[in-house]
Every structure is written in structure tokens, then in C-alpha cells.
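Please open the structure in your viewer and keep the sequence at hand. The tour below proceeds by selections.

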Amino acid sequence: MSTMNISLPGPLKAFVDDQIAERGYGTVSEYVRELIRKDQDRQQVRALLLEGARSGPGPVVDAAYLEGLRARARRGDRAG
């Protein structure tokens with residue numbers, strides 16, 4: 001594991017210390033790792049949303065489409 005040192009102004013350091021105490025983190029490193037993981041997740045979701053937006057319209061979702069999905073689910077189909 002690599003080491004990284006950061007400098008924080010007093011108010012941010014106090015905030016981090018409060019978060020560690022209130023949320024049950026054992027160390028500053030645990031807290032920062034969790035923040036980074038959450039940011040990675042947000043970026044992944046954003047990328048998926050943008051990909052979906054660029055993909056164009058999908059099938060029309062009407063009663064017949066939904067019934068087809070139900071039928072596939074009853075049969076245990078994995079693909080349409």
C-alpha cells in the first residue's frame with residue numbers, strides 16, 4: 001500500500017476528526033479511502049448514465065412489452 005500525505009486547514013482537519021469519531025472510522029485513512037470509493041462509484045454511475053443517454057431510444061415500453069418480460073421471467077429466460 002502506498003502512502004500519501006495531505007495538508008488541511010484547521011477547520012477541515014476538525015471536520016475530518018469529527019467524522020471519524022461520529023461515523024466509527026478507525027483512522028483518517030479509512031475515512032479518506034471511503035470518500036475515494038464513493039467518488040469512484042459516482043463517476044461510474046455518471047459514465048453509465050451518459051452512455052445510456054448517447055445510446056438512443058430503446059424499445060417502447062407498453063403492456064405487450066411488459067407481458068413479454070413477465071413471460072420470460074416465468075420461463076426463466078436470461079436473454080430476449
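The stops that follow cover a helix, a buried side chain and a pocket. The coordinates are those of a predicted model.

**Helix 2**

Begin by selecting residues 28–54, which form helix 2. Place a distance between the C-alpha atoms at its two ends: they are 39 Å apart. Because 27 residues at 1.5 Å a residue should also span 39 Å, the expected and modelled lengths of helix 2 agree. Next, move to G56, just after helix 2, where the backbone takes a positive phi of about 85°.

**Q19 in helix 1**

Now select residues 10–23, helix 1, and within helix 1 centre the view on Q19. Is Q19 buried or exposed? Its relative accessible area is 11%, and because the cut-off for a buried residue is under 20%, Q19 counts as buried. Display G24, Y25 and Y31 as well: Q19 touches these three, leaving aside residues up to four places away in sequence.

**The largest pocket**

Finally, select M4, V28, S29, V32 and R33, which lie nearest the centre of the largest pocket. The space in this pocket amounts to about 400 Å³, and 14 residues line it. Which helix gives the most to the lining? Helix 2 does, with five residues, while helix 1 also supplies at least two. Colouring the lining of the largest pocket by class shows eight nonpolar, four polar and two charged residues.

Note on methods
Residues numbered from 1 in each chain as written. Predicted model: local features only at pLDDT ≥ 70, side-chain atom pairs only at ≥ 80, totals over all residues. Heavy atoms only, no water. 1 Å grid on protein atoms, 1.4 Å probe; cavity = no way out; pocket = protein on both sides within 12 Å on 5 of 7 lines; lining within 4 Å. Points joined across faces, edges and corners; volume = space filled by probe spheres on them. Helix = DSSP H or I, 4+ residues; strand = E, 2+ residues; numbered from the N terminus. Nonpolar A, V, L, I, M, F, W, Y, C, P; charged D, E, K, R; others polar. Buried < 20%, exposed > 50% of the residue type's maximum accessible area, 1.4 Å probe, protein only. Contact = heavy atoms within 4.5 Å. Expected span 1.5 Å × (residues − 1).
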